[in-house]
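Open the model in your viewer and keep the selection box at hand. The tour goes from an enclosed space to open ones and ends at the cysteines.

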Amino acid sequence: MRRHSLLPAPGTVTDVFDPGKPPVLTIDPGDTVVTGSLDASGYLTRQRYPGDNRPRMLSADRGHCLTGPIAVTGAQPGDVLSVRFTSLRPADWGWTVAGARATRLTRRLGIDGPPSWLLWEIDDDGGLAYSDRGHTVPIAPFLGVIGMPPIEPGEHSTRPPRAAGGGNIDCRDLVAGSTLYLPVTVPGALLCLGDGHAAQGDGEVSGTAIECAMTTEVVVDLEPDPPVPGIHAETPAGRITFGFSEDLNQAMGDALDTMLTWMQGLYGLARAEALALAGPTLDLRITQVANDVWGVHAVLPAGALR
């Protein structure tokens, strides 16, 4: 197995998903990639004051600044890609903004004024981030966007998460030690990574987390025998399944449906038995409300069943 390094540069980043975009790196299944990514906006230097519009890697600002695409030899639609996060190290600065764009949620909350910013100093070794207004929060770094393009030709937004291929999942549990399983959408997979978050609550309610650059080490492989269809993960927090939809009920039902299938396979249960067992053990969480498509994840916590 080989080890690759991929740094963000004008020729190695993108702000769209596009099945026709040539890969910037080709790897074999089982290879390790150490990839750098800029923050979601692609800032090249830290903000000097809240709202400071610093130079960016991509001036068009169409979507998240992602590193890739990375082609995986032999990957074909119908396969399942596994992405195992060995380590995630945030940069030493980041930012959060609320009210940057008008949404159903900001209107519901009565937020119609200028955006509100927090600037952060991030101490990865100490596990804390410090805002310019005196707040201190623990960090748990992860990537908001891990995904592949839709099979339909052309450029596709990086904003919504997709049940096919992933993308802007924004699940705070995908920390180091996690493995994310993604159905392959296009030949070669064309995986893109980015949107580093030093810390985020379930929901990403302000529309942003602590947005930061990230150095991420992943092992990318093909999974020959996934336990369930669709996007799912094994994390330090437990097993996770996902649902994505503009309808919250649909997203919840999809996440729960897949988790019940997983529990049936794990414990040899009938469908109704799996649902009964889920009652006292399973958590349903809103992954994010920030991206026009609801995300819900079902978590079977580690140690919930003995």
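**Stop 1: the cavity.** The largest cavity holds about 40 Å³ of space. Keep in mind that this is a predicted model. By the rule used here, the count comes to 1 cavity of 30 Å³ or more. To find the place, select Asp15, Ala40, Ser41, Leu58, Asp61, Arg62, Gly63 and Cys65, which line the largest cavity. Now colour that selection by residue type: the lining divides into 3 nonpolar, 2 polar and 3 charged residues.

**Stop 2: the largest pocket.** Clear the selection and move on to the largest pocket, with about 980 Å³ of space. Its lining has 39 residues, and the closest to the pocket's centre are Arg101, Arg159, Gly207, Thr208 and Ala290. Select these five and centre the view on them.

Which elements each supply at least two residues of this lining? Select strand S6 (80-98) and helix H1 (104-108), which each do so. Colouring the whole lining by type gives 15 nonpolar, 13 polar and 11 charged residues.

**Stop 3: the second largest pocket.** About 170 Å³ of space lies in the second largest pocket. Of the 14 residues in its lining, select Ala199, Gln200, Gly201, Thr208 and Ala209, which lie nearest its centre. Then show strand S7 (116-123) and strand S9 (136-138), the elements that give two or more residues to this lining. By type, the lining of the second largest pocket splits into 8 nonpolar, 5 polar and 1 charged.

Thr208 is worth a second look. At the largest pocket, Thr208 is among the residues closest to the centre, and at the second largest pocket Thr208 is again among those nearest the centre.

**Stop 4: the cysteines.** Go back to Cys65, one of the residues lining the largest cavity. Cys65 has 4% relative accessibility, so Cys65 counts as buried. Next, select Cys192, which at 2% relative accessibility also counts as buried.

Why is there no bond between the sulfurs of Cys65 and Cys192? Draw a distance line from the sulfur of Cys65 to the closest cysteine sulfur, in Cys192: the gap is 11 Å, too far for a bond. A disulfide needs a pair of cysteine sulfur atoms within 2.5 Å. Starting from Cys192 leads back to Cys65, because the sulfur of Cys65 is the closest cysteine sulfur to that of Cys192. The structure holds 0 disulfides.

Note on methods:
Residues are numbered from 1 along each chain as its sequence is written. This is a predicted model: local features need pLDDT of at least 70, side-chain atom pairs count only at pLDDT 80 or more; totals for chains, interfaces and linings use all residues. Side-chain values use heavy atoms; hydrogens and water are left out. On a 1 Å grid over the protein atoms alone, a cavity is a set of points where a 1.4 Å probe fits but cannot get out, and a pocket is an open set with protein on both sides within 12 Å along at least five of seven lines; lining residues have an atom within 4 Å of a point. Grid points are joined across faces, edges and corners, and a volume is the space filled by probe spheres set on the points. Ala, Val, Leu, Ile, Met, Phe, Trp, Tyr, Cys and Pro count as nonpolar, Asp, Glu, Lys and Arg as charged, and the others, Gly among them, as polar. Helices (H or I, at least four residues) and strands (E, at least two) are DSSP runs, numbered from the N terminus. Buried means under 20% relative accessible area, exposed over 50%, partly exposed in between (1.4 Å probe, protein chains only).
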